[in-house]
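Me: I have a protein model open in front of me, and I would like to learn how to read it one feature at a time. Could you take me through it slowly?

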Amino acid sequence: ESIDFLKYDYVFTTLPIDRPVPVPILMIHDFFDSAEILKIHQEITKHKDTGEIQNFYRRDLFFPEVPGETREEVLKWMCAQITRRTRNTETMEELVLERERLGGTDFGNLAAMPHPLRKVSDENLVSVGILNTPILWEKNKVQLVILASVSQTRSGIVQKFISRTSHLLLNEEAVKRILQEKSYEQLIKELLSVVG
């Protein structure tokens, strides 16, 4: 009861803990072997990935009911939402629409990943929108839109984000589950379960 858990990320214990603790608990043996070390590594990596993913996919930029009947209407609406909630993104709409004129960003699987032609902010911004009904993007119908603006495309974490997101959008079943649930929690769950 006297522990300030704001100072801790995990609890590793050799004995069962029967009261609620606001951080992940991992039961370990008194002496580590290679299996125990692997178990700890996997647990830490799992929670690290959750944090890294949520740094890109903010809850306040998740929109389960995006209005619009055309690609341009959808993108203008989503860019306006990003501009309201963040800083240094005044040119986002212009640069996203310019990039779309160069070629569609639809993946198939009812998904698209539009992005600005060049960097618009010093922060990584990702907005996720679910349309009420699919619309024709360029070549394919789209209902899930992941609008991404990344600040440093060569960093390791950005490469991980791009890889995970691309794998997610290519996974037809994962996209269907996100469209059915229409929840931020389902989006994060699918991102963390995808291999990429």
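Me: Is strand β7 enclosed or open to the outside, and how would I judge that?

Reply: Keep in mind from the start that this is a predicted model. A residue counts as buried when its relative accessible area is under 20%, and eight of the nine residues of β7 are buried, so this strand is largely enclosed by the rest of the structure.

Me: Which strands pair with β7, and in which sense?

Reply: The general idea is that strands of a sheet pair through backbone hydrogen bonds, either parallel or antiparallel. In this structure both senses appear around β7: strand β5, residues 111–112, pairs with β7 in the parallel sense over two bridges, whereas strand β6, residues 125–136, pairs with β7 in the antiparallel sense over eight bridges. To find these pairings on the screen, you can look for Ala111, which stands opposite Leu144 in β7, and then for Ile135, whose bridge partner in β7 is Val142. You can also follow the chain from β6 into β7, since the two are joined by a hairpin through four residues.

Me: What is the order of the strands in the open sheet, and which are the edge strands?

Reply: The open sheet has five strands in the order β3-β6-β7-β5-β4, and its pairing is mixed. The edge strands are β3, residues 57–66, and β4, each of which pairs on one side only. At the β4 end, two bridges join β4 to β5, and these strands run antiparallel; a pair to look for there is Asp106, which stands opposite Ala112 in β5.

Me: What is unusual to look for in the loop between β4 and β5, where Asn109 is found?

Reply: Here the backbone angle phi is worth checking, residue by residue. Asn109 lies in the loop between β4, residues 106–108, and β5, and it has a positive phi of about 55° although it is not a glycine. Leu110 has its place in the loop between β4 and β5, and its phi is positive too, at about 65°, although Leu110 is not a glycine. As for their surroundings, Asn109 counts as partly exposed because its relative accessibility is 27%, and Leu110 counts as partly exposed because its relative accessibility is 30%.

Me: Where is the largest pocket lined, and by how many residues?

Reply: The general idea is that rolling a probe the size of a water molecule over the atoms shows where empty space is left. In this model the largest pocket has a volume of about 250 Å³ and is lined by 14 residues, of which Met113, His115, Pro116, Ala148 and Val150 lie nearest its centre. The elements that give two or more residues to this lining are β7, residues 141–149, and α4, residues 156–170. Sorted by class, the lining has eight nonpolar, four polar and two charged residues.

Me: Is Glu100 buried or exposed, and which residues is it in contact with?

Reply: Glu100 has its place in helix α3, residues 92–102, and it counts as buried because its relative accessibility is 3%. Leaving aside neighbours within four places in sequence, Glu100 is in contact with Arg71, Leu75, Thr105, Pro114, Trp137 and Glu138. The C-alpha atoms of Glu100 and Glu72 are separated by 9.1 Å, while the two residues are 28 residues apart along the chain.

Me: What does Ile188 touch?

Reply: Ile188 lies in helix α6, residues 184–193, and it counts as buried because its relative accessibility is 6%. Not counting residues up to four places away in sequence, Ile188 touches Ile53, Gln54 and Tyr57. Its C-alpha atom is separated by 10.0 Å from that of Arg58, although the two residues are 130 residues apart along the chain.

Me: How many helices and strands are in the chain, and how much of it is buried?

Reply: There are six helices and seven strands, and read along the sequence they follow the pattern β-β-α-β-α-α-β-β-β-β-α-α-α. Of the 196 residues, 41% count as buried. Among contacts with a separation of 6 or more, 59% are between residues 24 or more positions apart. Finally, the chain exposes about 11400 Å², of which carbon and sulfur atoms supply 52%.

Methods:
Residues are numbered from 1 along each chain as its sequence is written. This is a predicted model: local features need pLDDT of at least 70, side-chain atom pairs count only at pLDDT 80 or more; totals for chains, interfaces and linings use all residues. Side-chain values use heavy atoms; hydrogens and water are left out. On a 1 Å grid over the protein atoms alone, a cavity is a set of points where a 1.4 Å probe fits but cannot get out, and a pocket is an open set with protein on both sides within 12 Å along at least five of seven lines; lining residues have an atom within 4 Å of a point. Grid points are joined across faces, edges and corners, and a volume is the space filled by probe spheres set on the points. Ala, Val, Leu, Ile, Met, Phe, Trp, Tyr, Cys and Pro count as nonpolar, Asp, Glu, Lys and Arg as charged, and the others, Gly among them, as polar. Buried means under 20% relative accessible area, exposed over 50%, partly exposed in between (1.4 Å probe, protein chains only). Two strands pair if DSSP finds at least two bridges between them. Contact means heavy atoms within 4.5 Å. Accessible areas come from the Shrake-Rupley method with a 1.4 Å probe; for residues, only the protein chains shown count as cover.
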